[in-house]
Amino acid sequence: MENPNLKGSVEAVEISDLRTATERAELGLRKHTGNYLNASNSQVLPVSSAGTKEINSKEPPKWALPAGAPQGQLILPRVPAQPVTVQPCSKSAPRVPQGSQQVEMDVRIVLEPEKMENKAGFKHQNDETRLPLITKKKSAPMCSQKTLQGHRVATLWGFPAFAHVESPLPLVEEDTPKGALSLTAQRLLLPAAKVTLQSPPAAPRAAPGQDCHRQHKKGDSSSGLAPEITDTTTFQSSKDTTCGTDSSGRGHTAPLPSSSPMASTRRSKPVRVDPAQKLESEGQIPSQTQPPQTCQSFQHPCLDWDIVVCHGTVDQEAPGFLALKQHHHLSWGSIVAFLERAEKLLKDSSVPLAPISSKKLAQVASDFELHENPPKSDVLSVIKNHSAVQKILNHPDQSSEGQGRIQGAGTATVCAGRHERAPGGIGAARRWHSRVARAGSALEETRQGHLESFCSRAKHLAANWNRIRTSRRTIIHIPSLGYSRGTLEHIPDLALQQNVQMGRLCDILDANVDVIYICPLALSEELLQYYNKLLGLQAAVRSGNPEDMADLQDRFKILTPEAINSFPGHPTCLATQLKHSPRTMQRIRGLIQGRAAYLVGGTAHADDVAVADVLDVPVLGSAPGVAQLYSTKSGSKRIFGSARVPTPPGESDIHSEEQMVRALSRLVVDNMEVQRWLFKVDDEWGGNGTAYCDVVAHLECFPWLQKERQSHSPEGWRQSRARELALVKLSQELPGLLAQHVQPVNEKRFPTWAKFLQTFLTQGGVIEAFPPSGTVTTLTVDLLIEPTGELSIVSCGEQLHAEGPLRCSGTTIPQRAVPPALLHSLCWRVGDTCRSKGVLGYLSIDFVAFTHPQTMEQQVWATDLDLCYSDQLALTQLMLYLTDGNLDCGSSPLQAPLGSKTGKSQRMQQEGTKTPSPASPRCAVASTQLRHSSLSGTTYNLLLQRCKARGVGFDLQEKQGTVFVLYEDQKRERLGMITIGEDLQGVLLTFARNLFIIHQEISAPNMQGETNFKMAIQDIEAILGITAENKLKLEEEQPWEADALKE
């Protein structure tokens, strides 16, 4: 063998001296090689052998191939020390060329590796590198690679990484991947080379490289130098090498090492390791991405991969999907059909994530034809987390679970993924979240567009309101309760509660108005005929003759959306149901085509704006955001504070228990005359979110508190130390007192104080004082803020409380408890403030009137504000329709003209005289919340006949009597009733008598049924006693007002 030196001379050496020379140069080579490796990003360039001469050795070397070994295999003996030991694979070795030019070029490459011109000079036309023959698994066409010839060296040289020949730019350190697995990609290690490396402690993610089959000539005897990352890596012996055989059976491959002692001491960029691979290296779970390969058995990698179905969709770009498609291309049609069935099943069941085993999928799908529909059991058999998916599929109400079920299934999938990792699952989840985000953005843009259209139409309505309200127009009434879902869930008979305002139909009292009423219930033909006859009384009421009844079916339409039953288990407001009813929307567009129209809703909701945008009509109401802000209990307190109207002592916007106790302690100390304190949840309906507590009656320190208060003046009490001490004592005593003595109004909804407190603090609420008087009157006043800004009072009445002092069950119209001038002043202040806040349309204000026990003067507090069309206003519209009267809320009388008792011929003769009919005062008692379970045992026709036989009816000439408001004819447990008469006392007596008659007619002696009739009668009896007492006082103090009332 010949050994070249740096000067270019050649001298002969013995083979046995190689070991000694290698050991002597070990330390220096390690130092220099490490420096070059640091400069070249841990990459090694194999040095090609140069020359074509061969030196024959008489004695075979100790490291030669054993007899019978295949020529394509590189077998190296185990070396106990760390230095690199290179052994030739043949009996011949290449010679070193005699010229010194090439040696100088090689030295220049070593010293200045970053220069591309030096690298270009390294490639010689006659250079050749002989490597073992190997066949890759890919079926791509074979490409030839010209071998290179280089110098034969005794030691390894570490060359820096260089770019591909085809690459126009060299690779820098940031662009060059780290580790031994990137050698093939950078062409530092040819893909055909067979190298055995130690198994790494952690398996980094494999980066795809360029595979190209190398074709070699048969019979060539070549040798190559196997490059390593550092000079301290030792090759394993053939006995310790695990070899694998590819699908073609040619060549043997062993895994590559990824680390060495020298590499562990260097600073390198951190490599992100997949958690599944990290667990694999620790021996906890088997790899799902790189299955082990042995010489005895072989399994295709795609069979161990998973196909992830994320929310009913398969990622067709995932590695597992592509590998399965390539491996099973012959049966791919059956697999696709099976996957489509699995996707549909999982999507319909809202399964969030389901990894499918590729191996089981290929086996099961092959048993089905393309047209066959595999059963659910076969689909579940290929799903790895089939137990979690089975629970979701067997759930009785999959659509009502929502996010909770998705979270539960996702947790089960994650647990299953600890043992079976699904490739592509993270990417699929990320794409799903991206789609959800895009959908949310699109929805937000749509709502913003609806709101912009709403504002634009509102401006147009304001500009043309004076013309519209006096011309032919159509009013679309949608009595929707647009509360939050949490509130709607606790409203009993939601559809019926949205249908109690049938009095909206009476807007046809104006001859220029047509009404489209959206009904949340499917009314029977019997009910439709009833309202057709009731509204046909308009001409008969004006004339006083029943023969003048007319058919007004062309003036009003009652439409029921087809989507009223499309949301089972999900309470939705009427506006949402109408939004998802295209046939009803199309019919409404046909009815209003070419006519001026606007929409009047109920409690504002975003879908009201969406419906108006589809119908292209303006809304006579506030924007949903404004209505929801000021319709809460805390929002109404802000309006009242800005309007500077008297309100009860209290605190608003409470969201913590500490804040509640602190506020209540301060209120009790400063208002010791108040016996009862109220707790109101912000977003609740009909008094359901109200609770009360008689704090003073149960407060142990109240006698001491009262004594200390009496010893100080009002100014001195606010700054005294006794007040601070009282606050401390109350804050300690109140939590236990409230837990024992608070009484929720709706005990079914809130059986305990803890349940109420949770809702109270979650939604927010207010604390306010209950009037300190034994006689309290609650009033409701309805206002209309027109698009032009004009204010008008359209209804006023006093509330009835059949089911407790804090729940309204009816009203008496008009109100007589508060002087009209005072009430008018308070309403105008609130209306002006609402108008300045952007409120539009109908709103109702609740007041309480009482006599203060200390000053003995009447006090009026504003307690609540609702920005919606109220039940009282609907009943007022019905009363005005039946009496042809006029309600002047400024002076509070209700005047109705009396009907003529003359015949039809006499009326025709008197038409020319146009003598006005004399007017008579009227009042009414009305309720929309009458309930009796025995009503379901009789039909409405039979009930009306029995009532008529007992004298319960309406007199068209006198314009007084009783009229029923019927809601539905399926359960038939609720109804409304309005009684009209000349004086309040007589009307109350008639109303109570009607309830007693109905109860007798529909109830058996031994089955009284569940009803609130008795409580309503008791409340009326209490009112009658107060009315008689007030009447006596009025006659003594102000005889002229008593005479006016009698008239």
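**Exercise 1. Place Asp493 in the chain and describe its backbone and its exposure.**

Solution. Asp493 lies in the loop between α15 (485-488) and α16 (494-497), where helices (H or I, at least four residues) and strands (E, at least two) are DSSP runs numbered from the N terminus. The model is a predicted one, in which local features need pLDDT of at least 70 and side-chain atom pairs count only at pLDDT 80 or more, while totals for chains, interfaces and linings use all residues. Residues are numbered from 1 along each chain as its sequence is written, and side-chain values use heavy atoms, with hydrogens and water left out.

The next step is the backbone: Asp493 is not a glycine, yet its phi is positive, at about 55 degrees. As background, most residues other than glycine have a negative phi, and most peptide bonds are trans. The last step is exposure: Asp493 has 30% relative accessibility and therefore counts as partly exposed, given that buried means under 20% relative accessible area, exposed over 50%, and partly exposed in between (1.4 Å probe, protein chains only).

**Exercise 2. Carry out the steps of Exercise 1 for Asp884, then examine the peptide bond between Ile813 and Pro814.**

Solution. Asp884 is found in the loop between α31 (871-883) and β20 (886-887). Its phi is positive, near 55 degrees, in a residue other than glycine, and its relative accessible area of 25% makes Asp884 partly exposed. Turning to the peptide bond, Ile813 and Pro814 are joined in the cis form, with omega about -5 degrees, and Pro814 belongs to the loop between β17 (810-813) and α30 (820-836).

**Exercise 3. Work out the strand order of the nine-stranded open sheet, and find its edges.**

Solution. Begin with the rule that two strands pair if DSSP finds at least two bridges between them. Read across the sheet, the order is β19-β18-β15-β16-β17-β23-β26-β25-β24, with antiparallel pairing. The edges are β19 (858-866) and β24 (954-955), each of which pairs on one side only.

Within this order, take one pair in detail: β15 (residues 776-785) and β16 (residues 791-800) run antiparallel and are joined by seven bridges. Val781 has Cys796, in β16, as its bridge partner.

**Exercise 4. Classify the ring pairs Tyr530-Tyr531 and Phe750-Phe756, and locate the charges over rings.**

Solution. The structure holds 10 aromatic pairs, a pair being two rings of Phe, Tyr or Trp (its six-membered ring) with centres within 6.5 Å, where planes under 30 degrees apart count as stacked, over 60 as edge-to-face and the rest as tilted. For Tyr530 and Tyr531 the centres are 5.3 Å apart and the planes stand at 80 degrees, so this pair is edge-to-face. Tyr530 counts as buried at 18% relative accessibility, and Tyr531 is buried at 3%.

For Phe750 and Phe756 the centres are 5.2 Å apart with the planes at 85 degrees, so this pair is also edge-to-face. Both of these phenylalanines, Phe750 and Phe756, are buried, and they belong to one aromatic cluster together with Phe679, Trp753 and Phe760.

For the charges, the test is that NZ of Lys or CZ of Arg is within 6 Å of the ring centre and within 35 degrees of the ring normal. Arg676 lies over the face of Phe770, 5.7 Å from the ring centre, while the charged end of Lys729 sits over the ring of Trp704, at 3.8 Å from its centre.
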